[in-house]
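Here are my comments on the structure you sent, set out as numbered points. They begin with a single side chain and then move on to the chain as a whole and to the spaces within it.

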Amino acid sequence: SADLVCRLLDRVRRGTVLIAASWLSRHRPQIAAKLVELARDRRIDVRVIVDSDIGDDGAGVAKHSTVDKAALDALLQGGFPVRVAKVGIHHKLMLVDGEYGGVDQRIVFTGTPNLTVPALKHNDEVLLEIKECETPPCSAAAATWVTPPTGSAPNNDLFQRYEEQWVALCKRSKRYASNAPALEDCNLGTR
């Protein structure tokens, strides 16, 4: 695939994929298709949170909105939890916890690109891949880059800090549709 996000997702073989996205476009349908494939065919635990600014002009075209309703509806085919933030978000975050590229690992993907065509083809964007590590530079980064949710104890595990941010955002969101399983969407449990 020419789509970087799809190429990254294609490397996930098992585990959990958590996504928080401020922009979601129908013009990158391959992302929704890949997430549906992961959830249905590979039995990967996929969970998505998007911004609350959902647009549809009646013809299925988003106008001045960050989330395209048609793109959001395409995600519903996966049968996985799709949530809408109750407040505006600016996240560009994907967490992978499981087998990625043939290795069990925990990875944070974050940066500037939205899930839109301009981000893929026209903009100068930065996407960071942060792998789990125990060295002092990583623990120092965790302490300075990510603010823990209110009431949380400080944590030097960078992946876990981002995961806590995702869970906190999830708890401030609502289900987009009744496609989600009865299981509480934000409870990641033990994996």
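1. In this predicted model, the side chain of Thr-110 comes to 3.1 Å from the backbone oxygen of Lys-92. Thr-110 itself sits in strand β7, which covers residues 103-111.

2. Is Thr-110 buried or exposed? Its relative accessibility is 16%, and because the cut-off for a buried residue is under 20%, Thr-110 counts as buried. Once the neighbours within four places in sequence are set aside, the residues in contact with Thr-110 are Lys-92, Leu-93, Val-126, Leu-127, Leu-128, Ile-130 and Tyr-162, so that Lys-92, whose backbone oxygen the side chain reaches, also appears in this list.

3. For the setting of that residue, the protein chain has six helices and nine strands, and 47% of its 191 residues are buried. Among contacts with a separation of 6 or more, 66% join residues that are 24 or more positions apart. The accessible surface of the chain is about 9600 Å², and carbon and sulfur atoms account for 52% of that area.

4. Turning to enclosed space, a search of the whole structure gives one cavity of 30 Å³ or more, and the largest cavity has a volume of about 50 Å³. Its lining consists of Ile-19, Ala-21, Leu-24, Ile-31, Ala-32, Leu-35, Val-48, Val-50, Leu-75 and Leu-115, and by class this amounts to 10 nonpolar residues, with no polar and no charged ones.

5. Which elements each supply at least two residues of the lining of the largest cavity? They are β1 (12-21), α2 (29-40) and β2 (45-50), and of the lining residues the largest share, three, is given by α2.

6. The largest pocket, which should be considered separately, holds about 290 Å³ of space. It is lined by 22 residues, of which Val-5, Pro-113, Asn-114, Leu-115 and Leu-127 are the closest to its centre. Two or more lining residues come from each of α1 (4-10), β1, β6 (92-100) and α4 (117-122). By class, the pocket lining divides into 16 nonpolar, three polar and three charged residues, whereas the lining of the largest cavity has no polar and no charged residues.

7. Some names recur across these points and may help when you inspect the model. Leu-115 is listed in the lining of the largest cavity and also among the residues closest to the centre of the largest pocket, while Leu-127, another residue in that central group, is in contact with Thr-110.

Notes:
Residues numbered from 1 in each chain as written. Predicted model: local features only at pLDDT ≥ 70, side-chain atom pairs only at ≥ 80, totals over all residues. Heavy atoms only, no water. Helix = DSSP H or I, 4+ residues; strand = E, 2+ residues; numbered from the N terminus. Buried < 20%, exposed > 50% of the residue type's maximum accessible area, 1.4 Å probe, protein only. Polar contact = N/O pair within 3.5 Å; in protein donor to acceptor, adjacent residues only side chain to side chain. Contact = heavy atoms within 4.5 Å. 1 Å grid on protein atoms, 1.4 Å probe; cavity = no way out; pocket = protein on both sides within 12 Å on 5 of 7 lines; lining within 4 Å. Points joined across faces, edges and corners; volume = space filled by probe spheres on them. Nonpolar A, V, L, I, M, F, W, Y, C, P; charged D, E, K, R; others polar. Areas by Shrake-Rupley, 256 points an atom, 1.4 Å probe, with all protein chains shown as cover.
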